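Me: I am new to this structure and would like a close look at a single part of it. Could you take one strand and walk me through what surrounds it?

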Amino acid sequence: MAVSIIIKALNEERRIAAALESALAALPDGEGEVILADSGSRDRTIEIAKQYPVKIVQIEAPAKASCGLGPQLGYQYSSSSFICLMDGDTELAPDFIIEALKYLEANPRVAGVTGHVMERNNESLEYVRRGLRKTAYKAVGTIDRINCGGLYRREAIEEIGYLSDRNLHSYEEYDLGVRLRAKGWTLFRLDRRFVYHTGHSANAYKLLIKRWQSKYIRGIGELLRSATGKPHFRMLFAELPELRLWMAVYGWIIAMLLVLAVLPTGIALLIDLAMIAAAVALMSVKHRSFSIGLYSVTAWFFHAAALPLGFFTPRKNPAAMIESKIIQENKH
């Protein structure tokens with residue numbers, strides 16, 4: 001029942017020590033391995049990690065950082081029958097892996113198990129808004145994806161060909177989940193802690209711009225491209241309400257452009273501004289917060305603009321070996 005714990009990281013010098021220590025402490029009877037999968041950190045992440053008995057692997061050109069690349073990078077260097085994924089800004093609950101292994105042993109068609117993600121950042125509007133969402137995948141029981149990592153069977157991953165799609169800048173865990181479910185596997189959330197997450201403390205609007213620059217918000221378009229022509233393509237529209245939201249936003253934008261094209265400029269601008277103000281007001285009432293309402297509408301436009309950019313981005317073979325090097329083998 002040995003476990004390979006894969007920690008994906010990029011510039012996590014402030015949090016990586018805590019992540020590594022929690023992973024090492026959580027290895028059942030000290031058996032297994034901890035792998036730091038680094039996507040090209042330019043801070044002290046690698047320097048700090050070298051102080052721990054872990055394997056360190058890092059991408060090399062032409063590989064470029066993405067959320068989907070990190071898990072697959074660690075996976076290609078792992079050796080255990082069970083794979084635990086976690087982020088470099090999280091700390092693994094000490095008893096999670098033991099309980100998750102028990103559940104997987106008792107349920108042979110479950111491909112992956114997770115638990116609750118305990119957020120430590122409740123200040124940023126992005127995380128406040130995220131916490132308000134009532135999404136099915138947060139529930140205890142059978143779920144459609146495992147967010148923020150969890151424990152997976154290698155057997156299930158081998159059946160679908162690869163762990164994580166290197167082309168995805170987000171939605172990589174949903175993509176993994178939908179590919180597993182298309183093969184008849186299931187995913188499960190235990191009613192227990194999985195990790196403690198310390199998210200970004202930056203201003204929400206700065207974080208939104210950063211995610212635009214890092215291509216993070218192109219993930220939904222990249223996901224659509226990856227699923228095109230696949231059996232699970234229709235599942236995306238049934239399971240991802242944001243897709244329906246972006247379609248509505250496109251309709252809204254088209255309506256505002258038509259108003260500009262048909263009516264005198266001054267009147268058209270007033271009508272368009274009124275439409276935007278109405279949307280902000282509606283979201284403000286829904287969340288009982290003007291700041292969240294304004295941020296929500298702003299984020300809609302960013303995501304709607306990013307979707308086609310992600311969809312038309314050329315893809316690399318997700319099953320091919322990622323260009324990388326071993327910086328440190330496990331040192332005991």
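What follows is a close look at strand E4 and the parts around it.

Reply: Please keep in mind that this is a predicted model. Strand E4 spans residues 82-87, and because six of its six residues are buried, E4 is largely enclosed by the rest of the structure. The cover is found on both faces of the strand, with Phe82, Cys84 and Met86 buried on one side and Ile83, Leu85 and Asp87 buried on the other.

The strand partners come next. Strand E1, which covers residues 3-9, runs parallel to E4 and is joined to E4 by six bridges, and in this pairing Val3 stands opposite Phe82. Strand E8, made up of residues 151-153, pairs with E4 in the antiparallel sense over three bridges, and here Leu151 is the residue that stands opposite Cys84.

Leu151 also leads into the interior, since the largest nonpolar core, a group of 35 residues, has Ile5, Ile7, Leu92, Phe96, Ile97 and Leu151 as the residues with the most contacts inside it. E4 is among the elements that each supply at least two residues of this core, and others include E1, helix H1 (16-26), strand E2 (32-38), helix H4 (96-106) and strand E9 (186-197). Phe96, one of the core residues with the most contacts, is in contact with Leu151 and, among others beyond its neighbours within four places in sequence, with Val113, Leu190, Arg192 and Phe194. A second, separate core holds 25 residues, including Ala37, Tyr75, Ile143 and Ala156.

E4 also borders an enclosed space. A search of the whole structure finds two cavities of 30 Å³ or more, and the largest cavity contains about 50 Å³ of space. Its lining is made up of Lys8, Pro71, Leu85, Met86, Asp87, Cys148, Gly149, Glu172 and Glu173, and the elements that give two or more residues to this lining are E4 and helix H7. E4 gives the most, with three residues. By class, the lining of this largest cavity divides into four nonpolar, one polar and four charged residues.

The other contributor named there, H7, is mostly covered, with ten of its eleven residues buried. Among the buried residues of H7 are Glu172 and Glu173, both of which line the largest cavity, as well as Asp175 and Arg179. Just after H7, Gly184 takes a positive phi of about 95°. On the other side of the helix, Tyr171 is found in the loop between helix H6 (154-160) and helix H7 (172-182). Tyr171 is partly exposed, because its relative accessible area is 22%, which lies above the limit of under 20% for a buried residue. Not counting residues up to four places away in sequence, Tyr171 touches Gly219, Ile220, Leu223, Leu240 and Glu242.

Asp175 and Arg179 reappear in the lining of the second largest cavity, together with Tyr162, Ser226, Lys230, His232 and Arg315. This second largest cavity holds about 30 Å³ of space, and its lining has one nonpolar, two polar and four charged residues. Arg179 is also one of the residues that line the second largest pocket, whose lining includes Tyr162, Lys230 and His232 as well. That pocket contains about 170 Å³ of space, with four nonpolar, one polar and three charged residues in its lining.

Notes: Residues numbered from 1 in each chain as written. Predicted model: local features only at pLDDT ≥ 70, side-chain atom pairs only at ≥ 80, totals over all residues. Heavy atoms only, no water. 1 Å grid on protein atoms, 1.4 Å probe; cavity = no way out; pocket = protein on both sides within 12 Å on 5 of 7 lines; lining within 4 Å. Points joined across faces, edges and corners; volume = space filled by probe spheres on them. Nonpolar A, V, L, I, M, F, W, Y, C, P; charged D, E, K, R; others polar. Helix = DSSP H or I, 4+ residues; strand = E, 2+ residues; numbered from the N terminus. Buried < 20%, exposed > 50% of the residue type's maximum accessible area, 1.4 Å probe, protein only. Contact = heavy atoms within 4.5 Å. Pairing = 2+ DSSP bridges. Core = buried A, V, L, I, M, F, W, Y, C linked by side-chain atoms within 4.5 Å.
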